[in-house]
Amino acid sequence: MMSATWLKPVLLLIGSGTMGGSSILLAKVGVQEGIPALSYLFWQCLGAGLILAILSVGRGGLPPLRAGYIRYYFLAGLVSLAIPMGLGYFMVPYIGASMAGVFTALPPLMTYLISMGIGIETAQFKRLMGLMVGFCGVLVLYVPQISAPDSTLLVYLLIAALIPVSLAVGNVYRTVAWPAGASPLTLASGMMLASAVLCLVFETGRDQLHVPDFGNGMAWLIIGVQMAVASLMYICHFELQRVAGPVFLSQIGYVMALTSLAGGTLLLGETLRPELIVTLACVVAGTFLVRPARTSGGRASATS
């Protein structure tokens, strides 16, 4: 029977991963309603950030605005949210929510490579084998596109490959740079609002910021649901990182991938391609080999 100690992390993992996968599905619907990907992400981050800031005030105050915190908000927001989610939302109309979700299962493998590169982790045979298994799974997805007459999908897949790289960089950064004594709620709200600022600057710089017509009830309904989903997701996400550490946190990608695969197939009518299942299975198996053992303190190294 699962102990009470692990019940909370497991529930946070399932909740955060399910809502993350749902965000990918909602993004596809939002883009189909005519909302550009980055504008959609802006409204999501702004609304969720304000909701979390209000909750933070209710818990004792606004997110701190000291220099160290502001740097954390913007850097974490850039590599953990603005870049990967912006790319994911942009790619989902072209590669589908199911395939976009598979890329969310890759960050643990990418994080291990980055951790080895900067000296946080050391090379071990079992983990290197895990990287090879995961890499073979990715080849299953990419190789057929290399020989395909139309290479458009391959281009989209290469761009989408930046998603797990950015998420992996974000995982390492958030773990290493977490401000001492900071609460998950304040960090989540600060990161969301900083991401909104980044999206706003980019979209207004291109004169592309999209404000849905107030008569378009469906568009605003989707945005409103996305704001609520994102708020709950990042409350769970940061709390999970606090109580269980980055290793356990890394498994969010599996739940996100399965949610987007199931939702894309059952709700959005996408074709369940066999190579997606093979790729996801290889990535899960590879990450199981890569995942380090828990430390005595319950916190592992920065491989999330």
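# Exercises on a helical chain

Leaving aside neighbours within four places in sequence, Leu26 is in contact with Tyr40, Ile222, Val225, Gln226 and Val229. The exercises below start from this residue and concern a predicted model.

**Exercise 1. Place Leu26 in the chain, and decide whether Leu26 is buried or exposed.**

Solution. Begin with the secondary structure: Leu26 lies in helix α1, and this helix takes in residues 4-32. Next, take the relative accessible area, which is 18% for Leu26; because the limit for a buried residue is under 20%, Leu26 counts as buried. Finally, look along the sequence, where Leu26 and Ile223 stand 197 residues apart, although their C-alpha atoms are 8.6 Å apart in space.

**Exercise 2. Determine which residues touch Lys28, and whether Lys28 is buried or exposed.**

Solution. Lys28 is also found in helix α1. Once its neighbours within four places in sequence are set aside, the residues in contact with Lys28 are Val92, Gly96, Ala97, Leu268 and Glu270. The relative accessible area of Lys28 is 13%, so this lysine is classed as buried.

**Exercise 3. Find the salt bridge of the structure, and work out which helices it links.**

Solution. The structure holds one salt bridge, and it is formed by the side chains of Lys8 and Glu239, with an N to O distance of 2.9 Å. The pair links distant parts of the chain, since Lys8 belongs to helix α1 and Glu239 to helix α9, with their positions 231 residues apart. Helix α9 itself covers residues 217-249.

The two partners can then be assigned to their accessibility classes. Lys8 has a relative accessible area of 42% and is therefore partly exposed, whereas Glu239, at 15%, is buried. As a last step, list the contacts of Glu239 beyond four places in sequence: these are Lys8, Leu12 and Pro184.

**Exercise 4. Describe the surroundings of Ile252, and state how far its C-alpha atom is from that of Leu13.**

Solution. Ile252 is in helix α10, which takes in residues 252-266. With a relative accessibility of 5%, Ile252 counts as buried. Its contacts, not counting residues up to four places away in sequence, are Leu13, Ser16, Gly17, His237 and Leu240. One of these, Leu13, is 239 residues from Ile252 along the chain, and the two C-alpha atoms are separated by 5.8 Å.

**Exercise 5. Locate Ala196, and identify its contacts beyond four places in sequence.**

Solution. Ala196 has its place in helix α8, a helix that covers residues 184-205. Its relative accessible area is 3%, so Ala196 is buried. When neighbours within four places in sequence are left aside, Ala196 is in contact with Phe42, Cys45 and Leu46. The C-alpha atoms of Ala196 and Leu81 are 9.7 Å apart in space, while the two residues are 115 residues apart in sequence.

**Exercise 6. Which residues make the nonpolar surface patch, and which helices supply at least two of them?**

Solution. The patch, of about 440 Å², is made by Leu65, Ile70, Phe74, Val197 and Val201. Helices α3 (67-102) and α8 (184-205) each supply at least two residues of the patch, whereas Leu65 lies in the loop between α2 (37-58) and α3. The relative accessible area of Leu65 is 68%, and because a residue over 50% is exposed, Leu65 falls in the exposed class.

**Exercise 7. Explain why the buried residues of helix α6 can be said to lie on the same side of this helix.**

Solution. First identify the residues: in helix α6, which covers residues 152-160, Leu153, Leu154, Leu157 and Ala160 are buried. They cover an arc of only 120 degrees around the axis, and therefore they fall on the same side of α6.

**Exercise 8. Set these local views against the chain as a whole: how many helices and strands are there, and what share of the residues is buried?**

Solution. The chain has 11 helices and zero strands. Of its 304 residues, 52% are buried. Taking the contacts in the chain with a separation of 6 or more, 85% are accounted for by residues 24 or more positions apart. The accessible surface of the chain, finally, comes to about 13,400 Å², and carbon and sulfur atoms account for 72% of that surface.

Notes
Residues numbered from 1 in each chain as written. Predicted model: local features only at pLDDT ≥ 70, side-chain atom pairs only at ≥ 80, totals over all residues. Heavy atoms only, no water. Patch = residues over 30% accessible without salt bridge, like charges linked within 9 Å, V, L, I, M, F, W, Y side chains within 5 Å. Areas by Shrake-Rupley, 256 points an atom, 1.4 Å probe, with all protein chains shown as cover. Salt bridge = Lys/Arg side-chain N within 4 Å of Asp/Glu carboxyl O. Buried < 20%, exposed > 50% of the residue type's maximum accessible area, 1.4 Å probe, protein only. Contact = heavy atoms within 4.5 Å. Arc of directions from axis to C-beta.
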